[in-house]
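Me: Please set out the fold and the nonpolar core of this protein in a short exchange.

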Amino acid sequence: MAWALALATCSGAAHAANCQLTVEANDMIQFNARALQVDAGCSEVQLTLHHVGKMEAHVLGHDWVLARSADVAAIANAGIAAGFDKGYLPLGDRRILAATKIVGGGEATTITFSTANLVPGGDYSFFCSYPGHTSMMRGRFQLSAKESLAANHSPGQPSVGH
Ligand SMILES: [Cu+2]
């Protein structure tokens with residue numbers, strides 16, 4: 001299946017697959033995006049979190065965490081118990097699909113994560129696990145299957161991946 005998606009992306013659209021994301025967080029406890037989307041053809045996603053505010057990490061820091069939407073509340077609660085030194089995340093929790101460290105104002109951090117455990121069209125959310133932030137700092141994360149569907153429906157092409 002992964003092979004078919006990669007092939008469809010390469011042979012398809014004229015534009016490159018969108019596999020890079022940049023998200024800003026500020027002192028108002030906000031992300032600058034309510035929804036994020038990457039192409040299903042991306043085997044890896046590179047994400048940069050930039051804290052554009054002035055508050056220090058231990059006062060009003062932010063991180064960026066990816067999980068199934070149904071797991072967000074439980075991860076956030078476990079994160080509060082884990083504490084600042086653990087990045088407000090439960091260590092080794094497999095429900096966490098990707099996570100940055102906590103950054104303070106003026107700082108940025110970049111992670112690269114695999115999409116191997118993500119299902120196109122699945123119900124995922126990104127959020128900040130800093131105590132008190134999660135309800136205000138969360139949004140939908142989507143692995144879009146659009147490109148591969150379009151490529152598979154092109155006339156005159158053999159249908160791959162079925
Ligand atoms: Cu935050």
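Reply: Two strands pair if DSSP finds at least two bridges between them; helices (H or I, at least four residues) and strands (E, at least two) are DSSP runs, numbered from the N terminus. This is a predicted model, in which local features need pLDDT of at least 70, side-chain atom pairs count only at pLDDT 80 or more, and totals for chains, interfaces and linings use all residues. Residues are numbered from 1 along each chain as its sequence is written.

Me: How many bridges join β4 to β7?

Reply: The open sheet of 5 strands has mixed pairing and the order β2-β8-β7-β4-β5. β4 and β7 run antiparallel, and Leu66 stands opposite Phe126 in β7. The number of bridges joining β4 to β7 is 4.

Me: Which are the edge strands?

Reply: An edge strand here pairs on one side only. In the order β2-β8-β7-β4-β5, the edge strands are β2 and β5.

Me: How many residues has the largest nonpolar core?

Reply: A nonpolar core is a set of buried Ala, Val, Leu, Ile, Met, Phe, Trp, Tyr and Cys residues joined through C-beta atoms within 7 Å; buried means that 20 or more other C-beta atoms lie within 10 Å of a residue's own, C-beta atoms being placed from the backbone. Elements that each supply at least two residues of the largest core include β4 (65–68), α3 (72–82) and β7 (124–127). Trp64, Val65 and Phe127 are among the residues with the most contacts inside this core. Its residue count is 28.

Me: What percentage of the 162 residues is buried?

Reply: The protein has 4 helices and 8 strands. Across its 162 residues, the buried share is 31%.

Definitions and conventions. Buried ≥ 20, exposed ≤ 12 C-beta atoms within 10 Å, placed from the backbone.
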